[in-house]
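Please look through the model below with the sequence beside it; the paragraphs that follow begin with how the chains are related, go on to where they touch, and end at a single side chain.

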Number of protein chains: 4
Amino acid sequence: MIIEVRKNIEASELEAMAMKYKAIVVEDYDRKLLVGSSSAKTIDTKDERHIEKHWVFDNDMQLSSRKFMPNTRNISIGNFTTGKDETILIIGPCSVESEEQLEQTASLIQKCGLKSLRAGAYKPRTSPYSFQGMGLEGLKLLAKMREKYGFSIVTEVRDSTHADAVIEYADVIQVGAKAMYDHGILRTCGKARKPVLLKRGFGTTIQEFVQAAEFILSGGNPNVMLCERGIRTFETKSRFTLDLCGVAYLKEHTNLPVILDPSHAMGYAYGVPDLARACMAMNVDGLLIEVHPDPSVAKSDASQQLNHKQFEELLNSLRPIAKAVGRHIV
Amino acid sequence: MIIEVRKNIEASELEAMAMKYKAIVVEDYDRKLLVGSSSAKTIDTKDERHIEKHWVFDNDMQLSSRKFMPNTRNISIGNFTTGKDETILIIGPCSVESEEQLEQTASLIQKCGLKSLRAGAYKPRTSPYSFQGMGLEGLKLLAKMREKYGFSIVTEVRDSTHADAVIEYADVIQVGAKAMYDHGILRTCGKARKPVLLKRGFGTTIQEFVQAAEFILSGGNPNVMLCERGIRTFETKSRFTLDLCGVAYLKEHTNLPVILDPSHAMGYAYGVPDLARACMAMNVDGLLIEVHPDPSVAKSDASQQLNHKQFEELLNSLRPIAKAVGRHIV
Amino acid sequence: MIIEVRKNIEASELEAMAMKYKAIVVEDYDRKLLVGSSSAKTIDTKDERHIEKHWVFDNDMQLSSRKFMPNTRNISIGNFTTGKDETILIIGPCSVESEEQLEQTASLIQKCGLKSLRAGAYKPRTSPYSFQGMGLEGLKLLAKMREKYGFSIVTEVRDSTHADAVIEYADVIQVGAKAMYDHGILRTCGKARKPVLLKRGFGTTIQEFVQAAEFILSGGNPNVMLCERGIRTFETKSRFTLDLCGVAYLKEHTNLPVILDPSHAMGYAYGVPDLARACMAMNVDGLLIEVHPDPSVAKSDASQQLNHKQFEELLNSLRPIAKAVGRHIV
Amino acid sequence: MIIEVRKNIEASELEAMAMKYKAIVVEDYDRKLLVGSSSAKTIDTKDERHIEKHWVFDNDMQLSSRKFMPNTRNISIGNFTTGKDETILIIGPCSVESEEQLEQTASLIQKCGLKSLRAGAYKPRTSPYSFQGMGLEGLKLLAKMREKYGFSIVTEVRDSTHADAVIEYADVIQVGAKAMYDHGILRTCGKARKPVLLKRGFGTTIQEFVQAAEFILSGGNPNVMLCERGIRTFETKSRFTLDLCGVAYLKEHTNLPVILDPSHAMGYAYGVPDLARACMAMNVDGLLIEVHPDPSVAKSDASQQLNHKQFEELLNSLRPIAKAVGRHIV
């Protein structure tokens, strides 16, 4: 249940109501909300004088629902704003490997007229014996690119031990698929105001995915974007299975912008262009595509990254599809 | 292993080679092939004089592979041919319910300038207590539509007891997801020449899916199209999960045309338009979309069928995407 | 809905009621049942005089439910009867390969004091280039073993083209995982009286699995046993994932005997003994275990078959577990 | 690759070798190991004088493999040691709710002659609107039970923000299914010496699961136990699907003790006894079973917890199965 309280409510009354409804107090833009469990359905008539409006729900997808907020949220990344007629292309290598590598990527982004750079500094590798990322040094290199080129930086927090560092350096805080249930990260993101790009865990249902977003939203950060990046199924010819049916559900039922990542879903560069075009045709707010100056020497995810020439060809093919669905690419 | 034998080989020699290589003799257009297990890798030098060409493979995707035949097969349905720059839209209700219903669908197809009608006469329902289809009477109604309007008819064989009837009445024999492993059906289709639209089982890997196509191809019917219609995953918000990563694999590695069915994957009409656009952007040979004059009264799959107005809007939005990927819709 | 009609109802009245409730007439032992969709919930008061008893249901698990029949069905295979304190061990090779092979298996069965022999004559292989089974000749070899040793023969029907032959030669008709949705087979089995061992499709939900059994039960054959043999999941270290949680559900909610097949689930002989012991501890009516005189030369499923020595050791370890759960092995 | 270095190696030489082989230095009991990626296969002959022994591997399951250490690790929890002929039963409620509740559980444990108490203080709930656990206060109540009764305490770390607190209060640090990829937690556990009970993520492959254990092992803590608790599949009748095929793999290929949790897998109390018996028959080192004085009022996982009477009956039925597989229950 969400209760929007009147502006003139006193702090003590608000606190009393929060206790009564076992609700979290959320500052949502210029209004105050009490958000309780969806199992709560009824309002005490004595409280009606404090209540501007209230909503009841079938499940714990509440702040994120179109029932609560009919339009897609407007979240700004640089000059771009979600929920309008633009689609953001966020590109870059899987991992920050060196300044030279980032410079090459930056040239590509500039040449293509794009504005956003993604790369990981803390890599959540499944094996302790693989490259684990450059850490803080990687974050600093990304920040350098922002200063030099004006790009928005999208980078990943792996676990809560370095969440503050990522929040400090990034323009968009990416929460990776493996970190999606990490309450430490979710709560830290809830206290930030920077946009959060929350990736779906590969074993995570849509319901749980949106509930993870609710942790951040109810923590006070209204700027959450959802990223579908493939789920784990029995099929082994691709790395994961991109769940566009799930995306259709998210678009219909939630007010959160949707970003799609075909690179991690497919796991092989040959399939990324077709999938990226399909993602564009889904009429979503953004695409995340892994691009590397020379994928064959990449320190992580070598097989799925496009080289620069492949990306430019892809971009050219995306523009008419974007137009067909009423979008333009930034 | 595939061996293309010289045209002058004698019948007894061919038979001897077939036994030696434990191979099936396949008439492939104007040439004769011996197709053995992919585990066979070497040719007896004594046989070289009979051999025009031969191919070895890593797995049992052989006749279907781009290694064997680099271009997508050209399979004709009416005036449409796969593997070129056209995409076929095959629409119609889940089940044949009455002549009136089919007449309404036929009007829509004509109005839209399309050429193909799909509907099931034998329904493979999961419950014995649900509507099981009109059977032979349904096939006859479909044939009536072909005669009246010149449409190509796509309809499903449920089990081998009525395979011959479907082959007689249909222009395209649809093998449904639940029948995909049915050797009786696969072998019967292998003896036919009509195009077969083979749907992927929802628990079937890409490898097994293509191997089911190999049953038909090695039976002597070169006209097999693959249809992805959603696989079963842990996600329950949609009926199935459309596997476009798998489609990217099929397009890269097989010579079989690909048809996509977003209706069964999603299971809910609201998501079908977005998904159909994504499918179109995948640059495939065809789309299968369930359309019903009044979905609310449909005897099967009521929730996922578009009404006629919804379909016309969808079609209008598909055309520019088709154009963007170099296709036009028929 | 299931309606048990009074014994004195006239044929014309029964027929009228069947039409009214869109119900199937089922001869269930010595009584007549009308079985309609579970969506039917109410009885016309005018019909009450014809009705002995009736049941309504939440879903189409009806004849198979413990609500309809509280105790596990008693189905006889030779001297063994399900639903009592015995567990049947059905062993043998994946495929009939030769008479010598079956004789070796028969010796093992006799030595172990068991009574049932399983082997496939029609193999539902996923590749057309693999061994497809000995067919009718295999059935005849199995029948020979029955005559010589008195064993019950369990063998598989692959598709409806040879269903009658299998029904003629087998004591228990096995419907394999890939044939589980085959309406031709299910209906043919419904007209038989011999016990049917219905294997769960590897992509099949418990709900659909039991509904396939309902096809046979509502066809008039009350002798259906369910066999869990592993479902397809994302895990690739084993061939399939044995779903014992699903078995717990089946035991709680259905009246159908449960048989478990750890061999196909695991796919590797090393894991079969541990899993077979776990299956025995689940307190089920039977186990199906693949055993081959020399697994290394088996023409199918070589990796998962136990050799005879391994099986004898396993059997010795199963007996005390059987005793612990109140069963003895036959 | 694992290299066991000679005891007389100098620190500078060890460091040089670590850099050369990009290896982690691991203190493994009384010896020093260099552990590098499994892609490293060859030793520089110049280094042979420093090397006692070395192992190469096909994948990054190294320290955990039976190839490296043939016998199951001996890890002590109170008087119990893994890898011998005892199986530990760890029982208790899902969440610490109050001291009274824990006292009731403690009485049950004492009555049954068991030694271990499990309960969560930090609950990784999927919804922010559900009960999140008692936190530090819960840990203190658990510690009180240890002091009073001498039980070993098993409790969960949810995210790295409170990892140190859990490590301080627990006897066994449980890493939950949702935290299994949390590098912050894994690294913190690697620096501890207390036994870690690592639960498999429900979307996690066996390969990734064991690699998560490698993070802890290579961090210097040799005391890791693996806990299978059900994976996510398409089946919805149970909460998860207990993967005993995966357990057979773990037992065959790894040296890590295995603990099974049938409660979370099933999600419904009715199925837990059968599954617990199956788990016991798998011949594993431990079982984790949720027990609550009154499950109907539990603040989390109400449906899957056994009441005390049910547990006592289960325990009686487990003893003969334990005996049958050569174990006794502690």
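**Two chains and their contact**

In this predicted model, chain A is superposed on chain B by a rotation of 180° with 0.0 Å of shift along its axis, and the RMSD of that superposition is 0.0 Å. That is the relation of a two-fold axis. Among the residues of chain A, the one whose C-alpha comes closest to the rotation axis is Ala278(A), at 2.0 Å.

The contact between the chains can be described first by its residues: 41 residues of chain A are in contact with 41 residues of chain B. Because 100% of the interface residues of chain A are also interface residues in chain B, the copies meet through the same surface.

The size of an interface is often given as the accessible area lost when the parts come together. Here chain A and chain B bury about 3,100 Å² between them, and 71% of that area is on carbon and sulfur atoms. On the side of chain A, the residues that lose the most area to chain B are Phe234(A), Lys237(A) and Cys245(A), which together account for 22% of what that side buries.

Polar and charged groups also take part in the contact, since across the interface of chain A and chain B there are four salt bridges and nine residue pairs in polar contact, counting pairs with both residues at pLDDT 80 or more. One of the salt bridges joins Arg200(A) to Glu235(B), whose closest N and O atoms are 2.9 Å apart.

In terms of secondary structure, the elements of chain A that give two or more residues to the side touching chain B are α6 (206–219), α7 (244–253), α8 (262–266), α9 (272–281) and α10 (308–324). The element that gives the most to this side is α7(A), with seven residues. Sorted by class, the side of chain A that touches chain B has 21 nonpolar, 11 polar and nine charged residues.

**A histidine in a loop**

Which loop of chain A holds His292(A)? His292(A) is found in the loop between β14 (286–290) and α10 of chain A. Its relative accessibility is 3%, and because buried means under 20%, His292(A) counts as buried. A polar atom of the His292(A) side chain lies 2.9 Å from the backbone nitrogen of Asp294(A). Leaving aside neighbours within four places in sequence, the residues in contact with His292(A) are Pro93(A), Glu97(A), Gln101(A), Val297(A), Ala298(A), Gln305(A), Leu306(A), Asn307(A) and His308(A).

Terms used
Residues are numbered from 1 along each chain as its sequence is written. Chains are lettered from A and ligands numbered from 1 in the order in which they are written. This is a predicted model: local features need pLDDT of at least 70, side-chain atom pairs count only at pLDDT 80 or more; totals for chains, interfaces and linings use all residues. Side-chain values use heavy atoms; hydrogens and water are left out. Copies are superposed by least squares on the C-alpha atoms of residues with pLDDT of at least 70 in both. Contact means heavy atoms within 4.5 Å. Buried area is the accessible area (1.4 Å probe) that two parts lose on being put together, summed over both. A salt bridge is a side-chain nitrogen of Lys or Arg within 4 Å of a carboxyl oxygen of Asp or Glu. A polar contact is a pair of N or O atoms within 3.5 Å; within protein, one must be able to donate a hydrogen and the other to accept it, and residues adjacent in sequence count only if both atoms are side-chain atoms. Helices (H or I, at least four residues) and strands (E, at least two) are DSSP runs, numbered from the N terminus. Ala, Val, Leu, Ile, Met, Phe, Trp, Tyr, Cys and Pro count as nonpolar, Asp, Glu, Lys and Arg as charged, and the others, Gly among them, as polar. Buried means under 20% relative accessible area, exposed over 50%, partly exposed in between (1.4 Å probe, protein chains only).
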